[in-house]
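Subject: Structure handover and notes

Dear colleague,

Please find the structure below, as agreed. My notes on it follow.

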Amino acid sequence: MVEAFAVASGKGGTGKTTSTLALGMALADEYDVTVVDADTGMANLLFHAGLDDAPVTLHDLLVEDTAIDVDDATYERHGMRVVPCGTSLAAFEAADPDRLRDVVADLAADTDVLLLDSPATLASKSAVLPVVLADRVIVVLQPTIPSLSDGLKVQEYARSYGTGTAGVLFNKVHGDLGRVADQAERYFGGSTLGAVPDSDDARAARRAGRPLLAHAPDSAAAAAYRAAAARLDPKPGEAGDVADRFRSAVVPDRP
């Protein structure tokens with residue numbers, strides 16, 4: 001089985017990468033999980049996962065006629081397979097975003113759950129491609145009007161390419177969500193997966209270069225992520241069918 005989720009926000013600073021790794025670690029208790037840093041322009045997952053010295057990254061796989069295998073850019077970390085992306089501007093310019101389809105298709109053949117850490121914007125082909133390729137999108141929000149508005153834009157774009165909504169995950173929450181959760185369930189296609197409290201533990205984990213669930217596994221934020229992952233309910237799909245769909249996906253020229 002395999003299902004691909006794009007973890008997206010439409011706005012920077014929501015804690016999307018922290019959320020991607022936390023959900024991945026929580027899901028890895030039950031599934032084979034692969035996490036991909038699909039933010040090829042502003043990658044930072046490698047710093048959160050302790051992979052800032054990774055010799056081969058996604059950028060190397062996106063170069064035309066490369067002889068590098070997907071396995072060369074895949075690292076076993078914290079019970080998951082992690083494909084980090086580099087931060088070099090030159091490597092970004094050399095990368096062909098269209099090749100992400102083939103990379104994701106190869107990864108889909110050997111995992112249960114694919115989590116694509118997506119760019120915060122919808123401003124380019126490379127930015128929207130993870131949302132187009134995924135089966136469902138997890139929308140990470142802060143409980144603010146601008147964040148909700150940007151999240152709705154992500155959902156609208158995802159739906160235009162047939163990508164469903166797995167749910168909404170609120171992050172950096174202070175206090176009770178109150179009516180915000182009701183409003184979110186009214187406007188978003190999926191349910192509210194959870195509300196992760198704002199956490200010094202999450203900030204300390206980023207400084208330490210470790211995922212939150214590895215750095216502070218007993219924290220309230222870690223518990224909230226585990227509860228959210230339990231509500232995701234990944235759906236089975238044939239790896240070959242998913243891979244074929246990825247390879248044949250129509251890549252948009254403009255968002």
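Among contacts in the chain between residues at least 6 apart in sequence, what percentage join residues at least 24 apart? The figure is 79%. Please keep in mind throughout that this is a predicted model.

Overall picture

The chain holds 12 helices and 8 strands. Its radius of gyration is 17 Å, close to the 18 Å that the globule rule gives for 255 residues, so the chain is as compact as a globular protein of that length. Along the principal axes, the C-alpha atoms fill a box of roughly 50 × 40 × 35 Å. Of the 255 residues, 54% are buried. The accessible surface comes to about 10800 Å², and carbon and sulfur atoms account for 47% of it. As for charge, there are 23 positive and 38 negative side chains, with the centres of the two sets 8 Å apart.

Strand β5 and its partners

Strand β5 covers residues 113–117, and 5 of its 5 residues are buried, so the strand is largely enclosed by the rest of the structure. In a regular strand, side chains alternate between the two faces of the sheet. For β5 both faces are covered: Val113, Leu115 and Asp117 are buried on one side, and Leu114 and Leu116 are buried on the other.

Two parallel pairings involve β5. Strand β1 (residues 3–8) pairs with β5 over 5 bridges, with glutamate 3 standing opposite valine 113. Strand β2 also pairs with β5 in the parallel sense, over 5 bridges, and there threonine 34 has leucine 114 as its bridge partner.

Strand β4 and the hairpin

Strand β2 (residues 33–37) also pairs with β4, in the parallel sense and over 3 bridges. Threonine 34 appears here too, opposite arginine 81 in β4. Threonine 34 of β2 thus has a partner in β4 and a partner in β5.

Strand β4 (residues 80–83) is covered on both faces, with Met80 and Val82 buried on one side and Arg81 and Val83 buried on the other. On the antiparallel side, 3 bridges join β4 to strand β3 (residues 75–77). Arginine 77 is the bridge partner of methionine 80 in that pairing. β3 and β4 form a hairpin with 2 residues between them. Histidine 78 lies in this turn and has a positive phi of about 55 degrees, although histidine 78 is not a glycine. At 31% relative accessibility, histidine 78 counts as partly exposed.

A second residue with positive phi is aspartate 65, at a value near 60 degrees and again in a residue other than glycine. Aspartate 65 sits in the loop between α3 and β3 and is exposed, with a relative accessible area of 70%.

Three single residues

Is lysine 16 buried or exposed? Lysine 16 counts as buried, at 9% relative accessibility, the cut-off for buried being under 20%. Lysine 16 is in helix α1 (residues 16–27). Leaving aside neighbours within four places in sequence, lysine 16 is in contact with Val7, Ala8, Ser9, Asp117, Ser118, Pro119, Ala120 and Val140. Among these contacts is Asp117, one of the buried residues of β5.

Proline 130 is in helix α6 (residues 125–133) and counts as buried, at 0% relative accessibility. With neighbours within four places in sequence left aside, its contacts are Ala6, Ala38, Leu100, Leu116, Ser118 and Pro119. Leu116 in this list is another buried residue of β5. Ser118 and Pro119 are in contact with proline 130 and also with lysine 16. Proline 130 and lysine 11 are 119 residues apart in sequence, and their C-alpha atoms are 15 Å apart in space.

Proline 55 is in the loop between α2 (45–48) and α3 (58–61). At 68% relative accessibility, proline 55 counts as exposed. Not counting residues up to four places away in sequence, proline 55 touches Asp60 and Tyr75. Lysine 172 is 117 residues from proline 55 along the chain, and 33 Å separates their C-alpha atoms.

Regards

Notes:
Residues are numbered from 1 along each chain as its sequence is written. This is a predicted model: local features need pLDDT of at least 70, side-chain atom pairs count only at pLDDT 80 or more; totals for chains, interfaces and linings use all residues. Side-chain values use heavy atoms; hydrogens and water are left out. Helices (H or I, at least four residues) and strands (E, at least two) are DSSP runs, numbered from the N terminus. The radius of gyration is taken over C-alpha atoms; the globule rule is 2.2 Å times the number of residues to the power 0.38. Buried means under 20% relative accessible area, exposed over 50%, partly exposed in between (1.4 Å probe, protein chains only). Contact means heavy atoms within 4.5 Å. Accessible areas come from the Shrake-Rupley method with a 1.4 Å probe; for residues, only the protein chains shown count as cover. Lys and Arg count as positive and Asp and Glu as negative; His and the chain ends are not counted. The place of a charge is taken as NZ of Lys, CZ of Arg, CG of Asp or CD of Glu. Two strands pair if DSSP finds at least two bridges between them.
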